[in-house]
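User: I have a two-chain model open and want to go through the sheets and the contact between the chains. Can you take short questions as I scroll?

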Amino acid sequence: MVYALAGNQNSGKTTLFNQLTGSNQHVGNFPGVTVERKIGEIRGEKKDAVVDLPGIYSLRPYSKEEIVTRNFILNEKPDAIINIVDATNIERNLYLTLQLLEMHIPMVLALNMMDEVRGNGGTIEIDKMEKELGIPIIAISAIKNEGVEDLIHAIREVASKRIYPKVTDFCEKGPVHRCIHAVSHQVEDHAEAAGMSPRFAAAKMVEGDKEITDQLKLSENELELIEHSIIEMEQDSGMDRNAALANMRYEFIEKTCRNSVIKCRESKEHKRSVKIDAVLTGKYTAIPAFLIIMLLIFWLTFEVIGAFLSDILSLGIDALSGWVKTGLEAYGINPVVESLVIDGIFTGVGSVLSFLPIIVVLFFFLSILEDSGYMARIAFVMDRPLRKIGLSGRSFVSMLIGFGCSVPAVMSSRTLSSDRDKKMTIMLIPFISCSAKIPIYTVFISAFFARHRALVMMALYVLGIAVGLVVAIVLNHTAFRGNSMPFMMELPNYRFPSAKSVLLLMWDKAKDFLQRAFTVIFIATLIIWFMQTFDMRLNVVKDSSESLLAVVGKAIAPLFVPLGFNDWRAATALISGFSAKEAVVSTLSVLTGSTMSNMSRTLSTVFTPVSAVSFLVFTLLYTPCVAAVATIRREMGSGLKAFLVVVMQCAVAWVCAFAVYSALSMFVGY
Amino acid sequence: MTLDNIDVGQEAVITKVGGEGELRCRFLDMGIIPKTKVKVQKMAPMGDPIEIQLRGYELTIRKEDAQKIEVEIL
């Protein structure tokens, strides 16, 4: 059996999915976390699969999410639908329910957050509502895992016995009723041939849904006839077709709710949210609060917790590397192998690994922002300034995720409603400094600007954002002229982030990072070690400046002369950064033969403080890593566009680094 | 009067929903239809967007979109 899980955004759908399947998808307190459908088995039963569809409000073919959901239900014909409904926001949630009912597929309604309704003095009379809607209703609490067993039982029952919804007619007698029924009869055969319910087809036709109309393959004559009855309905009801249908559905919902819902008083959760919002979205306090929160996160991540843990870890790795080296020497192993293990693997992978704590800590804070509901407020507060550059507040959230990693950030741009917003956001995300660049900054900052750590770090981040803004403004006036799409979003109640969810996300990121450290970066270090150890004739080189790598590095180094770092090692490090940004550090450490603890000193022989700044600016802005480019390619749907993004980034990076280097050189008087 | 002119805290009833295409359909789907009561809950620090309350939930919309919704103050 295959069950589809459908519901509004932020209705607890992903939480329920996790409870049903025992899987650990990340859940956010931000509307639209599920952008891709996910499949899981219900509590280990191979024969029962549940598909988590993206959160939607309606079955119109406007957003990607709506199309994904609709096409899944129409084309892949699940055996039953689990429609999750937020009981605290029942009217709006039932709007989708009615459209799902029209599709005429066995269905169970999972009434989520009933505990919250009851806790605040309200209730929903389930028997009465079941009668009104004609489907089984199960009260659940997805977070507390209550009622989920009953839900599984109910869904298996309706699916195996093919129990169809008993009610599909939501119209009172009148013009709308007449029209839908007339159209419904007219399209009956066509709808059945196209594999959809006549009622659903009729409703969509009346709404002017072109896709469904095309699928029905009606003749000119039939289309004309139908159009005629719709026009008559519009005249008789005094409403246009879209308003008439929305009105019909909401009237039915209001009637149902009048009979079966006792509204709760304003909930504790809501009252608390209003109080918090008085500060976090307040007229004078919102922006300072935002800046303070972000600064605090940066300070804690880069100076306090993350930095401390990183130092400990890198000491540990150095010690381990020392022991292994002694061991290998005592064994009398071939010096080339020893060099491979110590100079290649330990130095390369080790230098990247020591940044794991910083990245995990940053994701810890980002996931708290998202889970608590603050991320949605950021979108609300930042919408206006972002609109000036032609984007919406929602894009800002994707950009914030970009501070963690460009890959999920680019993927999250899928929740944006227009293609234009999405493409623009994707092009800006790589300018946001991702966490993989942190190792580069940290190493350079401790080598050259140890006294102003947080300041330089912040400056780099701000520069990335500033350059992104300039690019956005340029794009907005050239390639992407036009307006951003309507911005309609719910602000969820604040809630305390669940430890499980935050820890899961941290573990996820740590795992991801470790995986990359031992795959991409491991291979990159091996290749670089190989190219550095051997020359063109595959002899072991005495001096690394004769190595294969030096040949490549020297070939492109002239490109960077105007930027002030005319050193083949810097050029080579930048090349390896394409595989993963952390590899810039590992390459530099392998090439200069330094370990994490003495890297600062070594770097000052390669760079001057001014060329170090120039190098940092270049690494901040130049091409995204392979993984990000692959994601961009997928989301943009074009390899050429992804390639253009890479070219644009490199060009912008070169120009900015050149400008910064020239300005600083003049200022410092070199 | 249009919804963007309503002060924070004031209640009104929707009389006409304008806009076209996707925007209008979104309005309707979210329950913004004539005879619905709305209340302006808050305004973003820079004056836009606004948050409105209707049908027991809250929705943020931009002022330029709210301008297309005609209301009558209660």
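Helix on the sheet

Analyst: Sure; keep in mind that this is a predicted model. To start, helix α3 (residues 90-102) of chain A lies across β1 (2-7), β4 (80-86) and β5 (107-112) of chain A. The helix runs at about 165° to β4(A).

User: What is the strand order in that open sheet of chain A?

Analyst: The order is β2-β3-β1-β4-β5-β7 in chain A, six strands with mixed pairing.

User: And which strands stand at the edges?

Analyst: Those are β2 (38-42) and β7 (137-139) of chain A. Each has a single partner strand, so one side of each is left without a neighbour in the sheet. From one strand to the next, the twist averages 25°.

User: How many bridges between β2(A) and β3(A)?

Analyst: Five, in the antiparallel sense, with β3 covering residues 45-52 of chain A. Within that strand, V51(A) is the bridge partner of I39(A).

User: Switching topic. Which domains does chain A have?

Analyst: The assignment gives domain 1 (2-160), domain 2 (175-262) and domain 3 (288-482 + 503-668). Over C-alpha atoms, the centres of domain 2 and domain 3 of chain A are separated by 54 Å.

User: Now the interface. How many residues are in contact?

Analyst: On chain A there are 31, in contact with 27 residues of chain B.

User: Which elements of chain A supply at least two residues each?

Analyst: They are α3, α11 (241-260), α13 (286-331), α16 (374-388) and β9. By class, the side of chain A that touches chain B has 16 nonpolar, six polar and nine charged residues.

User: β9 is a strand. What does β9(A) pair with?

Analyst: With β4(B), antiparallel, over two bridges. M488(A) stands opposite I61(B) there.

User: So where does β9(A) sit in the sheet order?

Analyst: The order is β9(A)-β4(B)-β3(B)-β2(B)-β1(B)-β5(B), an open sheet of six strands with antiparallel pairing. At the edges stand β9 (488-489) of chain A and β5 (69-73) of chain B. Each of these two has a single partner strand, so one side of each is left without a neighbour in the sheet.

User: What holds paired strands together in general?

Analyst: Strands of a sheet pair through backbone hydrogen bonds, either parallel or antiparallel.

User: Last one: how many bridges join β3 and β4 of chain B?

Analyst: Five bridges join β3 (residues 50-54) to β4 (residues 57-61) in chain B, and the two run antiparallel. Between them, E51(B) stands opposite T60(B).

Definitions and conventions:
Residues are numbered from 1 along each chain as its sequence is written. Chains are lettered from A and ligands numbered from 1 in the order in which they are written. This is a predicted model: local features need pLDDT of at least 70, side-chain atom pairs count only at pLDDT 80 or more; totals for chains, interfaces and linings use all residues. Two strands pair if DSSP finds at least two bridges between them. Helices (H or I, at least four residues) and strands (E, at least two) are DSSP runs, numbered from the N terminus. Axes are lines fitted to C-alpha atoms, for helices over the stretch in contact, and angles run from 0 to 180 degrees between N-to-C directions. Two residues are in contact if their C-beta atoms, placed from the backbone, lie within 7 Å. Ala, Val, Leu, Ile, Met, Phe, Trp, Tyr, Cys and Pro count as nonpolar, Asp, Glu, Lys and Arg as charged, and the others, Gly among them, as polar. Domain bounds come from an automatic or database domain assignment.
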